[in-house]
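Here's a quick tour of a protein and its ligand. We'll start with the binding site and then turn to some backbone oddities.

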Amino acid sequence: MARVTLRDVTLAYDDEGTGVPMLLIHGFPLGRWIWDDTRTSLSKRFRVITPDLRGHGDSEVTPGPYTMDLLAEDMARLLDALRIDRAVVGGLSMGGYVTFAFWRKFRDRVLGLILCDTRAAADGPGEKVVRQSTAQTALERGTGAVVDGMLPKLLAPRTLEDRKELVARIRERLVRTDPKAVAGALLGMKDRPDSTPTLATIDVPTLIVVGADDQLTPPTLARDMQSRIKGAVLEVVENAGHLPPVEQPEATSRMLGAFLEKLDCS
Ligand code: MLT
(Lines give C-alpha, C1' and ligand atoms only; values in the text may rest on other atoms or scores of the structure.)
Protein backbone atom coordinates (compact mmCIF):
# COMPACT_ATOMS: atom_id res chain seq x y z
CA MET A 1 0.00 0.00 0.00
CA ALA A 2 1.16 3.55 -0.75
CA ARG A 3 -0.15 6.91 0.41
CA VAL A 4 -0.30 10.27 -1.29
CA THR A 5 -1.30 13.64 0.09
CA LEU A 6 -3.44 15.59 -2.35
CA ARG A 7 -4.85 19.08 -1.81
CA ASP A 8 -6.84 18.42 1.38
CA VAL A 9 -6.69 14.66 1.96
CA THR A 10 -4.28 11.75 2.22
CA LEU A 11 -5.36 8.76 0.16
CA ALA A 12 -4.18 5.15 0.35
CA TYR A 13 -3.86 3.19 -2.88
CA ASP A 14 -2.22 0.24 -4.57
CA ASP A 15 -0.46 0.61 -7.91
CA GLU A 16 0.75 -2.60 -9.48
CA GLY A 17 1.98 -3.71 -12.88
CA THR A 18 2.94 -1.93 -16.08
CA GLY A 19 1.13 -1.26 -19.35
CA VAL A 20 -2.24 0.36 -20.01
CA PRO A 21 -3.27 2.08 -16.75
CA MET A 22 -6.62 1.17 -15.23
CA LEU A 23 -8.08 3.02 -12.24
CA LEU A 24 -10.70 0.98 -10.35
CA ILE A 25 -12.95 2.78 -7.87
CA HIS A 26 -14.76 0.91 -5.12
CA GLY A 27 -18.35 1.32 -3.92
CA PHE A 28 -20.00 2.21 -0.60
CA PRO A 29 -19.06 1.56 2.19
CA LEU A 30 -16.32 -0.61 0.80
CA GLY A 31 -12.63 -0.10 0.06
CA ARG A 32 -9.92 -0.92 -2.45
CA TRP A 33 -9.93 -4.48 -1.08
CA ILE A 34 -12.85 -5.37 -3.37
CA TRP A 35 -10.38 -5.20 -6.28
CA ASP A 36 -7.58 -7.18 -4.62
CA ASP A 37 -8.07 -10.29 -6.78
CA THR A 38 -8.63 -8.23 -9.91
CA ARG A 39 -5.42 -6.27 -9.29
CA THR A 40 -3.36 -9.37 -8.56
CA SER A 41 -4.62 -11.09 -11.69
CA LEU A 42 -4.54 -8.17 -14.16
CA SER A 43 -1.32 -6.48 -13.00
CA LYS A 44 0.56 -9.22 -14.84
CA ARG A 45 -0.49 -7.47 -18.07
CA PHE A 46 -1.66 -3.96 -17.14
CA ARG A 47 -1.04 -1.19 -14.61
CA VAL A 48 -3.83 -1.44 -12.04
CA ILE A 49 -4.45 1.41 -9.58
CA THR A 50 -6.95 0.83 -6.77
CA PRO A 51 -7.46 3.75 -4.37
CA ASP A 52 -9.40 3.99 -1.14
CA LEU A 53 -11.80 6.90 -1.60
CA ARG A 54 -11.58 9.58 1.09
CA GLY A 55 -13.02 8.32 4.38
CA HIS A 56 -12.79 4.68 3.29
CA GLY A 57 -10.25 1.93 3.93
CA ASP A 58 -6.87 3.39 4.87
CA SER A 59 -7.58 6.87 3.49
CA GLU A 60 -8.08 9.90 5.68
CA VAL A 61 -11.54 10.70 6.97
CA THR A 62 -12.51 14.28 6.14
CA PRO A 63 -15.78 16.10 6.87
CA GLY A 64 -18.61 15.31 4.40
CA PRO A 65 -20.56 15.45 2.28
CA TYR A 66 -18.44 13.55 -0.24
CA THR A 67 -19.96 14.71 -3.50
CA MET A 68 -19.31 12.61 -6.59
CA ASP A 69 -17.51 15.61 -8.12
CA LEU A 70 -15.21 15.88 -5.10
CA LEU A 71 -14.39 12.17 -5.27
CA ALA A 72 -13.77 12.42 -9.05
CA GLU A 73 -11.42 15.36 -8.46
CA ASP A 74 -9.53 13.24 -5.91
CA MET A 75 -9.15 10.56 -8.59
CA ALA A 76 -7.82 13.08 -11.13
CA ARG A 77 -5.31 14.39 -8.57
CA LEU A 78 -4.22 10.85 -7.80
CA LEU A 79 -3.57 10.26 -11.52
CA ASP A 80 -1.61 13.56 -11.60
CA ALA A 81 0.49 12.43 -8.64
CA LEU A 82 1.20 9.14 -10.43
CA ARG A 83 2.00 11.04 -13.65
CA ILE A 84 -0.71 9.23 -15.58
CA ASP A 85 -2.34 11.35 -18.29
CA ARG A 86 -4.97 8.89 -19.50
CA ALA A 87 -6.40 5.72 -18.01
CA VAL A 88 -9.22 3.27 -18.28
CA VAL A 89 -11.53 4.37 -15.47
CA GLY A 90 -13.94 1.97 -13.84
CA GLY A 91 -16.11 1.91 -10.76
CA LEU A 92 -18.48 -0.33 -8.89
CA SER A 93 -21.81 1.11 -7.74
CA MET A 94 -20.91 4.41 -5.96
CA GLY A 95 -17.58 4.03 -7.79
CA GLY A 96 -19.68 4.07 -10.98
CA TYR A 97 -21.32 7.35 -9.91
CA VAL A 98 -17.78 8.73 -9.41
CA THR A 99 -16.83 7.37 -12.84
CA PHE A 100 -19.71 9.29 -14.45
CA ALA A 101 -18.56 12.47 -12.67
CA PHE A 102 -14.98 11.79 -13.81
CA TRP A 103 -16.19 11.41 -17.39
CA ARG A 104 -18.09 14.72 -17.25
CA LYS A 105 -15.13 16.62 -15.78
CA PHE A 106 -12.08 14.93 -17.30
CA ARG A 107 -13.17 13.04 -20.41
CA ASP A 108 -9.88 13.79 -22.20
CA ARG A 109 -8.19 11.58 -19.63
CA VAL A 110 -10.39 8.53 -20.24
CA LEU A 111 -9.22 5.69 -22.51
CA GLY A 112 -12.23 3.53 -21.73
CA LEU A 113 -14.93 3.05 -19.08
CA ILE A 114 -15.92 0.12 -16.90
CA LEU A 115 -19.32 0.40 -15.20
CA CYS A 116 -19.79 -2.34 -12.68
CA ASP A 117 -23.08 -2.91 -10.81
CA THR A 118 -24.07 0.72 -10.99
CA ARG A 119 -26.92 2.94 -12.19
CA ALA A 120 -27.19 6.18 -14.12
CA ALA A 121 -30.33 7.59 -12.46
CA ALA A 122 -30.24 10.00 -9.52
CA ASP A 123 -32.03 9.26 -6.25
CA GLY A 124 -35.77 9.91 -6.21
CA PRO A 125 -37.43 11.87 -3.35
CA GLY A 126 -38.08 8.73 -1.25
CA GLU A 127 -34.51 7.50 -1.68
CA LYS A 128 -33.18 10.90 -0.61
CA VAL A 129 -35.16 10.69 2.63
CA VAL A 130 -33.75 7.22 3.29
CA ARG A 131 -30.17 8.41 2.58
CA GLN A 132 -30.62 11.29 5.05
CA SER A 133 -32.00 9.08 7.82
CA THR A 134 -29.37 6.37 7.20
CA ALA A 135 -26.64 9.00 7.53
CA GLN A 136 -28.19 10.01 10.85
CA THR A 137 -28.30 6.36 11.97
CA ALA A 138 -24.61 5.92 11.15
CA LEU A 139 -23.66 9.00 13.17
CA GLU A 140 -25.87 8.10 16.15
CA ARG A 141 -25.54 4.30 16.29
CA GLY A 142 -22.41 3.49 14.31
CA THR A 143 -21.62 1.79 11.00
CA GLY A 144 -22.77 -1.65 12.22
CA ALA A 145 -26.37 -0.44 12.40
CA VAL A 146 -26.23 0.49 8.71
CA VAL A 147 -24.31 -2.53 7.49
CA ASP A 148 -26.61 -5.16 8.96
CA GLY A 149 -29.50 -3.95 6.82
CA MET A 150 -27.31 -3.82 3.71
CA LEU A 151 -25.52 -7.15 3.73
CA PRO A 152 -28.39 -9.41 2.56
CA LYS A 153 -28.90 -7.12 -0.45
CA LEU A 154 -25.21 -6.88 -1.35
CA LEU A 155 -24.61 -10.55 -2.06
CA ALA A 156 -26.13 -13.26 -4.23
CA PRO A 157 -28.41 -15.75 -2.40
CA ARG A 158 -25.85 -18.49 -3.13
CA THR A 159 -23.01 -16.46 -1.66
CA LEU A 160 -25.06 -15.80 1.49
CA GLU A 161 -26.05 -19.45 1.77
CA ASP A 162 -22.85 -21.30 0.87
CA ARG A 163 -19.98 -18.96 1.74
CA LYS A 164 -20.50 -17.93 5.36
CA GLU A 165 -16.80 -17.25 5.89
CA LEU A 166 -16.68 -14.81 2.97
CA VAL A 167 -19.87 -13.11 4.22
CA ALA A 168 -18.33 -12.69 7.70
CA ARG A 169 -15.14 -11.26 6.17
CA ILE A 170 -17.10 -8.77 4.10
CA ARG A 171 -19.15 -7.67 7.12
CA GLU A 172 -16.00 -7.23 9.15
CA ARG A 173 -14.55 -4.98 6.42
CA LEU A 174 -17.74 -2.92 6.11
CA VAL A 175 -18.13 -2.17 9.80
CA ARG A 176 -14.61 -0.76 9.92
CA THR A 177 -15.73 2.24 7.82
CA ASP A 178 -15.86 5.37 9.98
CA PRO A 179 -19.48 6.52 10.62
CA LYS A 180 -18.51 10.06 9.52
CA ALA A 181 -17.40 8.65 6.15
CA VAL A 182 -20.58 6.56 5.87
CA ALA A 183 -22.65 9.71 6.44
CA GLY A 184 -20.41 11.77 4.11
CA ALA A 185 -20.80 9.27 1.25
CA LEU A 186 -24.56 8.88 1.79
CA LEU A 187 -25.11 12.65 1.68
CA GLY A 188 -22.91 12.91 -1.41
CA MET A 189 -24.84 10.15 -3.20
CA LYS A 190 -28.16 11.71 -2.17
CA ASP A 191 -27.40 14.85 -4.16
CA ARG A 192 -25.68 13.25 -7.16
CA PRO A 193 -27.00 14.39 -10.52
CA ASP A 194 -28.86 12.18 -12.97
CA SER A 195 -26.23 10.61 -15.23
CA THR A 196 -28.77 9.34 -17.78
CA PRO A 197 -28.09 12.24 -20.20
CA THR A 198 -24.35 11.55 -19.76
CA LEU A 199 -24.69 8.07 -21.28
CA ALA A 200 -25.26 9.42 -24.80
CA THR A 201 -22.08 11.52 -24.55
CA ILE A 202 -19.84 8.50 -23.94
CA ASP A 203 -17.73 7.88 -27.02
CA VAL A 204 -14.97 5.65 -25.63
CA PRO A 205 -15.03 1.84 -25.39
CA THR A 206 -17.26 0.87 -22.48
CA LEU A 207 -17.68 -2.37 -20.60
CA ILE A 208 -20.71 -2.85 -18.35
CA VAL A 209 -20.48 -5.67 -15.80
CA VAL A 210 -23.32 -6.83 -13.56
CA GLY A 211 -23.93 -9.72 -11.21
CA ALA A 212 -26.82 -11.89 -12.46
CA ASP A 213 -28.31 -11.79 -8.94
CA ASP A 214 -27.62 -8.13 -8.16
CA GLN A 215 -30.63 -6.86 -6.16
CA LEU A 216 -29.41 -3.27 -5.77
CA THR A 217 -28.53 -2.54 -9.40
CA PRO A 218 -30.09 -5.45 -11.32
CA PRO A 219 -29.24 -6.57 -14.87
CA THR A 220 -32.29 -4.69 -16.25
CA LEU A 221 -30.56 -1.40 -15.31
CA ALA A 222 -27.30 -2.59 -16.90
CA ARG A 223 -29.15 -3.48 -20.14
CA ASP A 224 -30.79 -0.07 -20.17
CA MET A 225 -27.39 1.64 -19.77
CA GLN A 226 -25.98 -0.54 -22.55
CA SER A 227 -28.78 0.55 -24.91
CA ARG A 228 -27.88 4.21 -24.31
CA ILE A 229 -24.06 3.97 -24.68
CA LYS A 230 -22.88 3.52 -28.26
CA GLY A 231 -21.08 0.20 -28.72
CA ALA A 232 -21.08 -0.71 -25.00
CA VAL A 233 -20.43 -4.36 -24.18
CA LEU A 234 -22.42 -6.01 -21.37
CA GLU A 235 -21.14 -8.96 -19.35
CA VAL A 236 -23.36 -10.72 -16.79
CA VAL A 237 -21.53 -12.57 -14.01
CA GLU A 238 -23.33 -15.73 -12.93
CA ASN A 239 -23.67 -16.50 -9.20
CA ALA A 240 -22.78 -12.96 -8.20
CA GLY A 241 -24.83 -10.23 -6.55
CA HIS A 242 -23.69 -6.62 -6.19
CA LEU A 243 -20.01 -7.53 -5.71
CA PRO A 244 -18.78 -9.63 -8.67
CA PRO A 245 -15.06 -8.86 -8.09
CA VAL A 246 -15.42 -10.37 -4.60
CA GLU A 247 -18.00 -13.10 -5.24
CA GLN A 248 -16.65 -14.27 -8.62
CA PRO A 249 -13.15 -12.81 -8.91
CA GLU A 250 -11.88 -15.07 -11.70
CA ALA A 251 -14.82 -14.47 -14.04
CA THR A 252 -14.69 -10.72 -13.34
CA SER A 253 -10.95 -10.48 -14.01
CA ARG A 254 -11.39 -12.47 -17.22
CA MET A 255 -14.04 -10.01 -18.46
CA LEU A 256 -12.00 -6.92 -17.56
CA GLY A 257 -8.83 -8.45 -19.03
CA ALA A 258 -10.55 -9.29 -22.34
CA PHE A 259 -11.89 -5.71 -22.54
CA LEU A 260 -8.45 -4.19 -21.89
CA GLU A 261 -6.76 -6.49 -24.43
CA LYS A 262 -9.06 -5.17 -27.16
CA LEU A 263 -8.48 -1.47 -26.40
CA ASP A 264 -6.51 0.39 -28.99
CA CYS A 265 -4.43 2.77 -26.87
CA SER A 266 -2.15 4.03 -29.65
C1 MLT B 1 -22.69 0.92 -3.43
O2 MLT B 1 -22.50 -0.30 -3.46
O3 MLT B 1 -21.79 1.72 -3.69
C4 MLT B 1 -24.07 1.42 -3.07
O5 MLT B 1 -25.00 0.38 -3.19
C6 MLT B 1 -24.47 2.58 -3.90
C7 MLT B 1 -25.77 3.18 -3.47
O8 MLT B 1 -26.14 3.08 -2.29
O9 MLT B 1 -26.44 3.80 -4.31
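A polar contact here means a pair of N or O atoms within 3.5 Å. Keep in mind that what you're looking at is a predicted model.

With that cut-off in hand, let's go to the ligand. A backbone N or O atom of Phe28 comes in at 2.7 Å from one of the ligand's oxygen atoms, so this pair passes as a polar contact, being within 3.5 Å. Two side chains also bring an N or O atom up to a ligand oxygen: Tyr97 at 2.6 Å and Arg131 at 2.8 Å. Here they are side by side:

| Residue | Part of the residue | Distance to a ligand oxygen |
|---|---|---|
| Phe28 | backbone N or O atom | 2.7 Å |
| Tyr97 | side-chain N or O atom | 2.6 Å |
| Arg131 | side-chain N or O atom | 2.8 Å |

How much of the ligand's accessible area does the protein cover? On its own the ligand has 270 Å², and the protein covers 91% of that. As for where it is, the ligand sits in the largest pocket.

Who else is around? Gly27, Phe28, Ser93, Met94, Tyr97, Arg131, Met189, Leu216 and His242 surround the ligand. Sorted by class, that shell comes to 5 nonpolar, 3 polar and 1 charged residues. The charged one is Arg131, because Arg counts as charged.

Now for the backbone. Most residues other than glycine have a negative phi, and most peptide bonds are trans. A few spots here go the other way.

Phe28, which we met at the ligand, is joined to Pro29 by a cis peptide bond, with omega about -15 degrees. Pro29 itself belongs to the loop that runs between strand S3 (21-25) and helix H1 (36-42). Another cis bond links Gly64 and Pro65, where omega is about -10 degrees. Pro65 is in the loop between strand S4 (47-51) and helix H2 (68-81).

Then there are the positive phi values. Asp117 isn't a glycine, yet its phi is about 45 degrees. You'll find Asp117 in the loop between strand S6 (110-116) and helix H4 (125-141). Asn239 also has a positive phi, near 55 degrees, and lies in the loop between strand S8 (233-237) and helix H11 (244-247).

Are these two buried or partly exposed? Asp117 has 1% relative accessibility, so it counts as buried. Asn239, at 29% relative accessibility, counts as partly exposed.

Definitions and conventions:
Residues numbered from 1 in each chain as written. Predicted model: local features only at pLDDT ≥ 70, side-chain atom pairs only at ≥ 80, totals over all residues. Heavy atoms only, no water. Near = heavy atom within 4 Å. Polar contact = N/O pair within 3.5 Å; in protein donor to acceptor, adjacent residues only side chain to side chain. Areas by Shrake-Rupley, 256 points an atom, 1.4 Å probe, with all protein chains shown as cover. 1 Å grid on protein atoms, 1.4 Å probe; cavity = no way out; pocket = protein on both sides within 12 Å on 5 of 7 lines; lining within 4 Å. Sits in = over half its atoms within 2 Å of the grid points. Helix = DSSP H or I, 4+ residues; strand = E, 2+ residues; numbered from the N terminus. Buried < 20%, exposed > 50% of the residue type's maximum accessible area, 1.4 Å probe, protein only.
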